Amino acid sequence: MSTFSGLSTALTALTAQRQALEVAGQNIANSNTVGYTRQRAELQSVGSGQSATMFSQGSSVGNGVQVSGISRLGDLFLDARVRTTTSSAAFLAARSEAYTRLESTIAEPGTNGIAAELDDFWATWQDVSNNPTSAAAGQVLIESANSVQRAISTGYSAVSTQWDQTRAKADTLVSEINTTAASVAELNEKIRSITVSGGNANELIDQRNVLTTSLASLAGATVREYPDGTADVNIGGNSIVSGIRAQKLAVAGGTTVTGATGTDAVRVVWDRVPAGTTAALGGGELAGVLSVLAPADSQGTGGLLAEAAASYNALATKVATSVNTIHESARADGSTGGPIFTISATGPAALTLAVAITDPSEINPGQGGADGSIADAISQIGSAAGSPDEAWSSFVVAIGVKSKAATQSAVVAESARATADNLQLAQTSVDLDEESVNMLAFQRSYQGAARVMTAIDEMLDQLINRTGVVGR
């Protein structure tokens, strides 16, 4: 080993410490960057190498230090845990939000709710029973019947509007998923190109991780990474991103709450061969939205909004049937009253429910004269078993219980997501104190290497300029 080789060794130290200091600077610069994962310069000593010839003495000392790579201090298991918990939290949050919004449209208990309108309606029948010949009592009854009709119709319309907006939200989410998947595929291509050429793609991997977490939140995506730096993203076991190629999803099915039934239920399909294949979602906000849009079933376990719409229809039918049946009962003279409510054979019962009478004289309060037996019987409907009031109360209570359960589940899932997110941040985020200490260490090492170089330079100066001139 020559004296000059010491300069080379010191130079490798200067270069390595400078690169390490640059990595620390990059960490500090991105301490507030969302999704950034801290990095570390991996220092590796350089060996002395093999002797050139048999008689060469060679060097017994190494040749300095080098940066063998820049590690990204992420954790695949923590990343996967964040995606899993984010998927569950987004799914439950979407359902909880739908329940909360539906509850707000029901307005129960309250003075403007359907329960209050029904109570007033039955009370007006009692008033008519007490005053069968009173036109004023009859007019109040007709207005009360109209109030019940409007309350039921308004409730159904609110559910229909929420369904339409949720359907539009599904379209938006799918569009966002397709855009995000395309971005992941594009990043895969860049990362692979940089990795193959021996470069550092850590920042691009961070960007891709943010996108894949977003896909997990949207559609419950899972990720599988490969040694070449690329990552496949799967939804329901099928790849939406495979290497540098991205597939697309589309929303299919009905566009109205009445039309989205049977085989035309709202669903997500793959936009590829075979086109139209239903995509199974493993979680995420889109899965929560689709569960809300699902059609009603005979067990009452269908989609939230379709079941609510069916309940409004059942209530309208029950009110009309129970009132009309008694009101149309025969009098002693053989005559009968007409229907109080009508329902069209086409269209939802809650929307087509209408008050059939406009004049108090069309009301059939009893057997004639001062008899109000029929009106009295109708006024008792609300307190009877199986009444419309009971059916409505059961629906409201069921929604309240399910809403509370959905909210609690969403809170628990969000807590799990936050815990996973904090664990990931603890692993990947930049600790300014640690980076400051690292900077000091690299700075001192750089100064030490520079001092070594100065010492060798002084030795060479002594050897070149002063050797052989002693005593002149």
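Guide: Accessible areas here come from the Shrake-Rupley method with a 1.4 Å probe. This is a predicted model, and its protein exposes about 23,500 Å².

Visitor: How much of that exposed area do carbon and sulfur atoms supply?

Guide: Carbon and sulfur supply 54% of it. As for burial, a residue counts as buried when its relative accessible area is under 20%; 39% of the 472 residues meet that mark.

Visitor: What does the radius of gyration say about the overall form?

Guide: Set the value beside that of a compact globule. For 472 residues such a globule would have a radius near 23 Å, whereas the protein has 38 Å. Along the principal axes, the C-alpha atoms fill a box of roughly 150 × 45 × 30 Å.

Visitor: Which secondary structure elements should I look for?

Guide: Eleven helices and ten strands. Two annotated spans are good places to begin. UniProt, in an unreviewed entry, lists "Flagellar basal body rod protein N-terminal" at residues 7-37; that span is 74% helix and 0% strand, with its end C-alpha atoms 36 Å apart. The unreviewed entry also gives "Flagellar basal-body/hook protein C-terminal" at residues 429-465. There the chain is 92% helix and 0% strand, and the end C-alpha atoms lie 54 Å apart.

Visitor: What share of the contacts with a separation of 6 or more joins residues 24 or more positions apart?

Guide: Such pairs account for 67% of those contacts.

Visitor: And how many charged side chains, positive and negative, are there?

Guide: The protein has 28 positive and 44 negative side chains. To read their layout, take the centre of each set: the two centres lie 15 Å apart.

Definitions and conventions:
Residues numbered from 1 in each chain as written. Predicted model: local features only at pLDDT ≥ 70, side-chain atom pairs only at ≥ 80, totals over all residues. Heavy atoms only, no water. UniProt positions renumbered as here; feature names shortened; annotations may be inferred. Helix = DSSP H or I, 4+ residues; strand = E, 2+ residues; numbered from the N terminus. Rg over C-alpha atoms; globule rule 2.2 N^0.38 Å. Buried < 20%, exposed > 50% of the residue type's maximum accessible area, 1.4 Å probe, protein only. Contact = heavy atoms within 4.5 Å. Lys, Arg positive; Asp, Glu negative; His and termini not counted. Charge placed at Lys NZ, Arg CZ, Asp CG, Glu CD.
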